[in-house]
Amino acid sequence: MARTPIVAGNWKMHLARGAARELLTTLRANLDGLQGVEVVVCPPSPWLGDAADLLRGSTLRVGAQNVYWESHGAFTGEVSAAMLAGTVDFAIIGHSERRHVFGETDEQTQRNLRAVIDLGMQPMLAVGELRAQREDGSTNDVLRRQLLAAFQDVDRLPEGFIVAYEPVWAIGTGLTATPEIAQATCADVRAILADRFDAATAEACRIQYGGSVNAENAAILAGQPDIDGLLVGGAALQAESFTAICKAAAGAAA
Ligand code: PGA
């Protein structure tokens with residue numbers, strides 16, 4: 001079954017408003033109408049409205065980097081999934097920086113995932129192991145724990161569901177996983193999905209690889225059979241590299 005690959009740019013907490021608007025405008029000019037790949041940009045939350053305005057009517061989509069599951073209330077500093085729902089179509093859930101810098105628990109990830117699914121938005125559920133876990137052979141256990149916890153309350157996955165496999169040791173370090181490791185681990189993720197749901201659901205899920213993706217390694221990573229797109233951090237901040245990555249993913253899928 002053909003899965004449409006999806007490339008998302010996670011801008012993290014980068015770019016002032018002017019630079020963000022310029023990048024959005026250039027990306028639209030470069031990537032609107034690109035066939036064979038879905039393209040999503042995830043700017044910092046204050047620029048999400050600008051992104052929605054500047055990309056309206058194009059094939060580029062907008063995603064949030066995080067959400068909070070409660071719809072409203074006394075939660076200083078949080079932005080609810082419900083508030084984002086009219087502006088974005090996608091949301092990264094459980095990014096490793098949420099988990100490891102801000103202490104997000106599996107339970108919080110699960111609630112955020114549930115809120116996003118209930119609102120009809122598309123989550124990109126991020127999972128991944130630490131370096132020590134890779135080295136001591138517990139990668140599969142960690143991924144299984146993260147996935148099963150996130151799905152605790154989920155009976156069936158929406159069509160085209162997205163998991164982002166991002167080894168924490170590869171994020172922002174320049175230490176990209178080899179295509180072999182990335183492929184094998186994404187295949188393991190798919191096997192966990194098949195166990196938890198069923199083979200057809202697992203087959204239909206899109207699994208992104210993320211972690212030091214750049215214009216040079218995008219094609220080989222995106223060309224692996226169990227890799228259905230890329231989640232890109234640093235290289236998403238320049239129009240040239242993000243454009244090249246999206247085109248490489250479209251080419252790899254063709
Ligand atoms: P990176 O970040 O591409 O800069 O490694 C990826 C991510 O955090 O999603």
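Two elements are taken to be in contact when heavy atoms lie within 4.5 Å, and this cut-off helps to place helix 7 in the predicted model. By that measure, the buried residues of helix 7 pack against helix 4 (96–100), helix 5 (106–118), strand 5 (122–127), helix 6 (131–135), strand 6 (162–165) and helix 8 (179–196). The residues in question are Thr139, Val142, Leu143, Gln146, Leu147, Ala149 and Ala150. They cover an arc of only 165° around the axis, which puts them on the same side of helix 7. The length of this helix also fits expectation: at 1.5 Å a residue, its 12 residues (139–150) should span 16 Å, and the end C-alpha atoms are 17 Å apart, which agrees.

Helix 5 can be read in a similar way. It has 13 residues and reaches 18 Å from its first C-alpha to its last, close to the 18 Å expected at 1.5 Å a residue. Buried here are Thr109, Gln110, Asn112, Leu113, Ala115, Val116 and Ile117, and these residues pack against helix 3 (81–84), strand 4 (90–93), helix 4, strand 5 and helix 7. Just after helix 5 comes Gly120, with a positive phi of about 80°.

Attention now turns to the ligand. Of the 13 residues around the ligand, Lys12, His95, Glu166, Gly172 and Ser212 come nearest. A polar side-chain atom of His95 lies 2.7 Å from a ligand oxygen atom, and a polar side-chain atom of Glu166 lies 2.7 Å from an oxygen atom of the ligand. Gly233 contributes through its backbone, with a polar atom 2.8 Å from a ligand oxygen. On its own the ligand has 280 Å² of accessible area, and the protein covers 95% of that.

Conventions: Residues numbered from 1 in each chain as written. Predicted model: local features only at pLDDT ≥ 70, side-chain atom pairs only at ≥ 80, totals over all residues. Heavy atoms only, no water. Helix = DSSP H or I, 4+ residues; strand = E, 2+ residues; numbered from the N terminus. Expected span 1.5 Å × (residues − 1). Buried < 20%, exposed > 50% of the residue type's maximum accessible area, 1.4 Å probe, protein only. Arc of directions from axis to C-beta. Near = heavy atom within 4 Å. Polar contact = N/O pair within 3.5 Å; in protein donor to acceptor, adjacent residues only side chain to side chain. Areas by Shrake-Rupley, 256 points an atom, 1.4 Å probe, with all protein chains shown as cover.
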